[in-house]
Amino acid sequence: MKQWTKEVVIDAPIERVWKYLDGSLENMQKIMPQVVSNEPVTITEGMVGSIYLQKYKEGKRVMEYEVETLDYLDSPNEKKMKVGFTLGGMFEITAGYELVKLDDDQTRFIYTTSNRPLKWFVKLFLLFANDKVVVDFVERVKRVAEEEEGN
């Protein structure tokens, strides 16, 4: 299994950043443009255990998978969400989003993702994996939140 963590300070209020992670499909697509659908299947009290059917477009191909909420916290000064899904029967992936309010106009964003191969032959792909996708995602969240904030 490989894991990556990237952290950045965003010049935007915590609620502004959170709406891209835990909001409408339209807001989610601003930071994850490849997600074309995110439909609730099961919503639980407290959100942990909730399942969404998500569709992701890669080129002309659309993949569909169930995303389960593994951890969830929504408080004024700290927000967390961790989701997990299996991609194409090949990888088990988790993505964790943590927001910490630094002040009214600044938020620390910590993104952690892991990728565990489910088939022996896909382990080779992870040997060449790097953090470029993680870095790009964190920078996109920062850019989108700050542009909307007007910074």
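Through how many residues does a hairpin join strand 4 to strand 5? I would like to start with that detail and work outwards, and I should say at once that what we are looking at is a predicted model.

The hairpin that leads from strand 4 to strand 5 does so through 3 residues. On either side of that turn, strand 4, which covers residues 61-74, and strand 5, which covers residues 78-87, pair in the antiparallel sense over 6 bridges. If you would like one position to find on the screen, take D71, which stands opposite K82 in strand 5.

Let us carry on along the chain from there. Strand 5 is also joined to strand 6, residues 91-103, and here the two strands run antiparallel with 10 bridges between them. One position to look for is V83, whose bridge partner in strand 6 is A95. The hairpin of strand 5 and strand 6 has 3 residues between the strands, and in this hairpin G88 takes a positive phi near 60°. As a general reminder, the strands of a sheet pair through backbone hydrogen bonds, either parallel or antiparallel.

Now we can step back to the whole sheet, which is open, has 7 strands with antiparallel pairing, and follows the order 1-7-6-5-4-3-2. Strand 1, residues 2-10, and strand 2, residues 35-42, stand at the edges, and each has a single partner strand, so one side of each is left without a neighbour in the sheet. From one strand to the next, the twist averages 20°. At the strand 2 edge, the partner is strand 3, residues 51-58, and the two pair in the antiparallel sense over 6 bridges, with P40 standing opposite Y52 in strand 3.

The sheet is one part of the picture, since the protein has 4 helices as well as 7 strands. Read along the sequence, the pattern is β-α-α-β-β-β-β-β-β-α-α.

How do helices and strands meet through their side chains? One place to look is the aromatic rings, and the structure holds 7 aromatic pairs. Among them is the pair of W18 and Y72, which is tilted, with 5.9 Å from centre to centre and 50° between the planes. W18 lies in helix 1, residues 14-21, while Y72 lies in strand 4, so this pair ties together parts that are 54 residues apart in sequence. Both W18 and Y72 are buried.

A second pair is formed by Y111 and F137, whose ring centres are 4.7 Å apart and whose planes stand at 50°, so this pair is tilted. Y111 lies in strand 7, residues 106-117, and F137 in helix 4, so the pair ties together parts that are 26 residues apart in sequence. Y111 is buried, and so is F137. These two also belong to one aromatic cluster, made up of Y97, F109, Y111 and F137.

Helix 4, residues 132-149, also contains V133, and V133 is exposed, with a relative accessible area of 67%. The C-alpha atoms of V133 and W4 are separated by 9.8 Å, although the two residues are 129 apart along the chain.

Let me finish with the protein as a whole. For 151 residues, a compact globule would have a radius of gyration near 15 Å, and the protein has 16 Å, which agrees. Its C-alpha trace spans about 50 × 35 × 30 Å along the principal axes, and buried residues make up 36% of the 151 residues.

Methods. Residues are numbered from 1 along each chain as its sequence is written. This is a predicted model: local features need pLDDT of at least 70, side-chain atom pairs count only at pLDDT 80 or more; totals for chains, interfaces and linings use all residues. Side-chain values use heavy atoms; hydrogens and water are left out. Two strands pair if DSSP finds at least two bridges between them. Axes are lines fitted to C-alpha atoms, for helices over the stretch in contact, and angles run from 0 to 180 degrees between N-to-C directions. Buried means under 20% relative accessible area, exposed over 50%, partly exposed in between (1.4 Å probe, protein chains only). The radius of gyration is taken over C-alpha atoms; the globule rule is 2.2 Å times the number of residues to the power 0.38. Rings of Phe, Tyr and Trp (its six-membered ring) pair if their centres lie within 6.5 Å; planes under 30 degrees apart count as stacked, over 60 as edge-to-face and the rest as tilted.
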